[in-house]
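Trainee: I am new to this structure and would be grateful for a close look at a single part of it, the second largest pocket. Please set that pocket beside the other spaces in the model once it has been described.

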Amino acid sequence: MSFFLLRRTGGLVLTLLAISIVVFAVMNVLPGDPALTILGIDATDDARAALRVQLGLDDPAPVRYVQWIAGIARGDFGTSYSFGVPVAGLIAERLPLTLSLALSGTLLTLVIALAAGLYSASRHGRTGDWAVMILSQLGIAIPAFWLAILLVLLFAVNLRWFPPGGFPGWSDPLGSLRSLVLPTIALAAVQGAVLARVTRSSALEVMRLDFVRTARATGLSPARVLWRHVLPNALVPVITIVGMQFAGVVTGTIVIENVFYLPGLGRLIFQSIANRDIITVQALVLMVAAVVVLANFAVDVAYALIDPRLKARLA
Amino acid sequence: MLDVSNLSVRFGDAYALRDASLTVHPGDRIGVVGESGSGKSMLAQALMGMVPESASMSGILKIDGTEMTRATEAQWRALRARRVAMIFQEPLAALNPLRRVGTTVMEPLRTHLGLSRTQARARTLDLFEEVGLPDPEQRLAAYPHELSGGQRQRVLIALALACDPKLLIADEPTTALDAEVAQRITDLLVRLSRDRAMALMIISHDLQVVARATRQLLVMYGGDIVERGETRKILSAPFHPYTRGLLAARPRPQLARPVPGTKRPRLPTIPGHIPALVDLPAGCRFSGRCPAELSRCRTTRSTEFRTGTGLAACHLLNPAERSKS
Ligand SMILES: Nc1ncnc2c1ncn2[C@@H]1O[C@H](COP(=O)(O)OP(=O)(O)OP(=O)(O)O)[C@@H](O)[C@H]1O
Ligand SMILES: [Mg+2]
């Protein structure tokens, strides 16, 4: 197990380095002069040239890359061109919101998927199964931002149960939770619909296996057979998809944050791109990639935790 | 304890089991033999109330006096494991791969008998001891993939015994095991049946297993029980043409030698092949393949007649038929 962790951690670091090179390369071939962003169009050519030297922008690309990475290793992501404050601070301010949204979205996705998928599988071929299949087809077909707007119209504008957008700040915990409800639902509905189908087909496959027959022959109740015997065995494909979907959830939060005016990383990415704030965008893209890679790492570890056969092979 | 008469399992018009009748007393040891598809597993599943959803059951099936043919799933659940228990062919597949075998065996003890964790654990250790698992303490924490085939089958037997059933059905319990292990498992089943006064039903392709373990025999073909009686007597003096064919077709080492003048060992088989369920003749299921067939066999089914070794459903035994010829 520890060897497995070591090897996977090594792979993780290499993957992140590779990603950082790609991100850096892409951001640096994009047109746009940071000095122009910072000083504005009224600045003289001399002033811009001086600033470029000061920012190290005239150094060769490999040198700038190494400086960037060395900075990140120290926790220094550079200084935002448009906000004029450290990028690390900008991210630290907004990360909790985005992470909360991504986690609550994933959690709700799982709840929807496991409940609907298992219910559907246990009613295979009957009305309940069809109902879930049709609903999930709808869920897959609806774009998340459109669902978000519908939710706002219904629950915020008409019923006034939840705020239509904005975020009161963590000092108001209850208000914060309330303002995360609709974004979470918008985020989870689509992913939950996809995952429910995966859960259903995985459970149906497991239900055909001999040990499920043994469990039935032991006189266990259908609910017990389903939750204790079928579900754990059906979980491996489900977790694989969760890991893959996590990338979708993170990009989904970018869209959703903009629909609901939530001051998270998604909003920051939008603003930074609009401002040609390359150094901030660079850091954010790397962050998002890192989160996705870490999620997949977590999935690999989860496999080993679920399946003792795998654990034995990795030991 | 088990009283079955005219029990049938149908898929639409096709009978997977037709008018089966049998009685099981405590301590009985019954073998069920027959070619693949003859309805052996269907009989076992019917006795557990576990026939496929697409099948319909009819007839009378009394377990401890209670009619179960039309019982609900919940009523069946109350009997499974506690009255009738079952073990299956492939012991690796029959165990949940993600669970420690101790947890698996403790589960019915806790849910059905309401034992506490420590009580269930102690009881499981006793069961492991009883079925001859070495180092029961250590086995509790083992996963199925960490055990040998014989050990897995012993775990499944322990699981089946957990709630002290009155009848244990073993559907091909030894097919996946090598000969020596198969013999030990067979002997274990016999010993358990004796010690617990528990009835035992062994379904097997292997006539040796049946000969070794059982005292009564049911021979099945095409969903019918065609012959029954004492195992030893039937194996030495079969009456029904199907039983004779089945015994003649059994692989025996001395027959495996090449017949002089030919290259291949001569392995007698029953001529013809088993028709699909829907294509079975309406009368005797064996007509069409039977070497001693009478004209009426195809359309009318014979009742059971005495054979000297037991009973067989065959027109050849009908006194009226005999006086004709
Ligand atoms: N779900 C089903 N739908 C239709 N027919 C079925 C179904 N399950 C079993 N059968 C049929 O019922 C008949 C009896 O099957 P059964 O499994 O009892 O045979 P068996 O004697 O146990 O054979 P084997 O030795 O191969 O295990 C077979 O012809 C089989 O095709
Ligand atoms: Mg069978």
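**The second largest pocket and its surroundings**

Mentor: Among the elements of chain A, helix 4 makes the greatest contribution to the lining of the second largest pocket, namely 4 residues. The model is a predicted one. Helix 4 covers residues 61–73, and it is one of a group of chain A helices that each supply at least two residues of this lining; the others are helix 1 (2–29), helix 3 (45–55) and helix 12 (278–306).

The space enclosed in the second largest pocket comes to about 620 Å³. Its lining consists of 25 residues, and those nearest the centre are A:Leu55, A:Leu57, A:Arg64, A:Tyr81 and A:Ile279. Sorted by class, the lining holds 11 nonpolar, 8 polar and 6 charged residues.

The position of the pocket follows from the domains of chain A. Residues of the lining come from domain 1 (20–73) and also from domain 2 (90–314), so the second largest pocket lies between these two domains.

The chain around this pocket is built from helices: chain A has 13 helices and 0 strands. Its C-alpha trace spans about 85 × 55 × 35 Å along the principal axes.

Helix 12 also takes part in another space. Together with helix 5, helix 10 and helix 11 (265–274) of chain A, helix 12 supplies at least two residues to the lining of the largest cavity. That cavity holds about 110 Å³, and it belongs to a set of 6 cavities of 30 Å³ or more found in a search of the whole structure. Of the 14 residues that line the largest cavity, A:Thr98, A:Val250, A:Leu265, A:Val288 and A:Val291 are nearest its centre. The lining of the largest cavity is made up of 10 nonpolar residues, 3 polar residues and 1 charged residue.

The largest pocket offers a further point of reference, with a space of about 1,300 Å³. Its lining numbers 38 residues, and the closest to the centre are A:Arg126 and A:Arg216 together with B:Val51, B:Glu53 and B:Glu73. Two or more residues of this lining come from each of helix 5 (87–122), helix 8 (173–207), helix 9 (210–217) and helix 10 (222–259) in chain A, and likewise from strand 4 (56–63) and helix 2 (73–79) in chain B. By class, the lining of the largest pocket comprises 19 nonpolar, 8 polar and 11 charged residues.

Chain B also has residues beside ligand 1. The shell around this ligand contains 14 residues, the closest being B:Ser36, B:Gly37, B:Lys40, B:Ser41 and B:Met42. Helix 1 of chain B (residues 40–48) gives the most to the shell, with 3 residues. Three of the closest residues place a polar atom beside an oxygen atom of ligand 1: a polar side-chain atom of B:Ser36 at 2.4 Å, a polar side-chain atom of B:Ser41 at 2.6 Å, and a backbone N or O atom of B:Gly37 at 2.8 Å. On its own, ligand 1 has 640 Å² of accessible area, of which the protein covers 65%. The shell divides into 5 nonpolar, 6 polar and 3 charged residues.

To return to the part requested, the second largest pocket lies between domain 1 and domain 2 of chain A, and helix 4 gives the most to its lining.

Terms used. Residues numbered from 1 in each chain as written. Chains lettered and ligands numbered in written order. Predicted model: local features only at pLDDT ≥ 70, side-chain atom pairs only at ≥ 80, totals over all residues. Heavy atoms only, no water. 1 Å grid on protein atoms, 1.4 Å probe; cavity = no way out; pocket = protein on both sides within 12 Å on 5 of 7 lines; lining within 4 Å. Points joined across faces, edges and corners; volume = space filled by probe spheres on them. Nonpolar A, V, L, I, M, F, W, Y, C, P; charged D, E, K, R; others polar. Domains from an automatic or database assignment. Near = heavy atom within 4 Å. Polar contact = N/O pair within 3.5 Å; in protein donor to acceptor, adjacent residues only side chain to side chain. Areas by Shrake-Rupley, 256 points an atom, 1.4 Å probe, with all protein chains shown as cover.
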